[in-house]
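Colleague: Let's walk through this model together. I will ask, and you answer.

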Amino acid sequence: MGSIYGKIFQISTFGESHGAAVGVVVQGCPAGINFDLDFIQSELDRRKPGQSRITTQRKEADSVEVLSGVFEGKTTGTPIAMLVWNGDQRSKDYSHIADQFRPSHADYTYFIKYGLRDYRGGGRSSARETVARVAAGALAKLVLAQLGVDIKAYVSQVGTLKLQTPVEQLDLSLTESNAVRCPDPTMAEQMFQYIDEIRKQGDSVGGVISAYIKGCPAGLGEPVFDKLHAELGKAMLSINAVKGFEYGSGFDGVALRGSEHNDVIVKDADGKVRTLTNHSGGIQGGISNGEPIYFRVGFKPVATIMQDQDSINEKGDKITVSGKGRHDPCVVPRAVPIVEAMAALVLVDFYLRNRVIQMPA
Ligand SMILES: Cc1cc2nc3c(=O)[nH]c(=O)nc-3n(C[C@H](O)[C@H](O)[C@H](O)COP(=O)(O)O)c2cc1C
Ligand SMILES: C=C(O[C@@H]1CC(C(=O)O)=C[C@@H](OP(=O)(O)O)[C@H]1O)C(=O)O
């Protein structure tokens, strides 16, 4: 199931939403990294279900167990296995879709590809798998922190409620101060009420997560196929429910002229190369230029809604699927740590690729 991700810092995830556990095996993590288990757990806590009334009400401790690759608090350079047990599966919520396809979930496509599917909680297609990505991404963040790389994401749009403030004027330390994970408390409150209203109607809504990465050194990325922005795009588009990715000026940039869009290169007072503007989003020619990297990720409204919907079953009969179970009315509050984790996995991999390439003979 396309299970290895990354070239040097590789991850392989396993587990289903209603199986025994979910977990990850990380290969290629350098030895000697201080393995801060509390930090890894705190990242998992940001993602876990049941956080507030605007997330799924499934209650999971998501308490991580480390099975290998760590000795006396440091990574040993050998495979690191991390595991989270599932505790609050309620598979009967899914009995009714054993042979039915929910509109816009992965039920039909998994069935067509494999000829069968674990319908309980969406099985492998459930975003429960992202537990494993967040655990591995937290480890990647620990490696990147040694280089001074700081990855922050936040909710910038829910439905049509859009945060207009430029990121430089936001206090990103406020992101974790509210259940929505929007750093503007007034907007966060409006977004919360909106998601709650949608939830009460048995419906769902989409949103946008913005990411802002400071301290990334110039020179990460590849010039042709594995461009830094291409790998970031792939990483983000591999997250459940993601519909769009844009970096730098993105789609808005097309309306500008070259004379407006070009990022003029200067040397600052310390002799450091900078650009006066950053429409490039910190990446030029697929390689980081040392300016902040920023991008946006668009998530669709959650597929499983608490309403009856037309569909078909495995035999092709027309049926009505009823919405049951515990679901997120909007995924973006819990997807913030997932976006950060995937960005960290991309950056750490490029950092390690450079180390190998530049190693003296
Ligand atoms: C954090 C997070 C939570 C999600 N929660 C739900 C959920 O409760 N119910 C649901 O139907 N989909 C949920 N999804 C989305 C589905 O996993 C996703 O739509 C499904 O795997 C089909 O994939 P696709 O939408 O990318 O095509 C969630 C996604 C994320 C990122
Ligand atoms: C369990 C999690 O989220 C789940 C993501 C999800 C989906 O279809 O993606 C559907 C729901 O699954 P279930 O009905 O099995 O509870 C969510 O609760 C989690 O993120 O840990």
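The questions below cover the core, two arginines, a loop serine and the ligands.

Modeller: This is a predicted model, where local features need pLDDT of at least 70, side-chain atom pairs count only at pLDDT 80 or more, and totals for chains, interfaces and linings use all residues. Residues are numbered from 1 along each chain as its sequence is written, with chains lettered from A and ligands numbered from 1 in the order in which they are written.

Colleague: Which helix gives the most to the largest nonpolar core?

Modeller: A nonpolar core is a set of buried Ala, Val, Leu, Ile, Met, Phe, Trp, Tyr and Cys residues joined through C-beta atoms within 7 Å. The largest one has 82 residues, and Ala135, Val339, Ala343, Leu345 and Leu347 touch the most other members. Helices are DSSP runs (H or I, at least four residues), numbered from the N terminus. With 15 residues, the top contributor is helix H7 (residues 332-357).

Colleague: Is Arg47 buried or exposed?

Modeller: UniProt, in an unreviewed entry, places the feature "binding site" at Arg47 and Arg53; such annotations may be inferred rather than shown by experiment. Arg47 is found in helix H1 (residues 37-47). Buried takes 20 or more other C-beta atoms within 10 Å of a residue's own, exposed 12 or fewer, partly exposed in between, with C-beta atoms placed from the backbone. Arg47 has 25 such neighbours inside 10 Å, so it is buried.

Colleague: Which exposure class does Arg53 fall in?

Modeller: Arg53 sits in the loop between H1 and strand E4 (64-66); strands are DSSP runs of E, at least two residues. Because Arg53 has 13 other C-beta atoms within 10 Å, its class is partly exposed.

Colleague: Which residues does Ser322 contact, leaving aside neighbours within four places in sequence?

Modeller: Ser322 lies in the loop between strand E18 (318-321) and H7. It is exposed because 12 other C-beta atoms lie within 10 Å. Contact means C-beta atoms, placed from the backbone, within 7 Å. Beyond those sequence neighbours, Ser322 is in contact with His96 and Asp308.

Colleague: How many residues around ligand 2 are charged?

Modeller: A residue is near a molecule if its C-beta atom, placed from the backbone, lies within 6 Å of it. Of the 16 residues around ligand 2, Thr56, Arg58, Gly121, Gly122 and Ala127 come nearest. Ala, Val, Leu, Ile, Met, Phe, Trp, Tyr, Cys and Pro count as nonpolar, Asp, Glu, Lys and Arg as charged, and the others, Gly among them, as polar. That shell holds two nonpolar residues, nine polar and, for the charged group, five.

Conventions. Contact = placed C-beta atoms within 7 Å.
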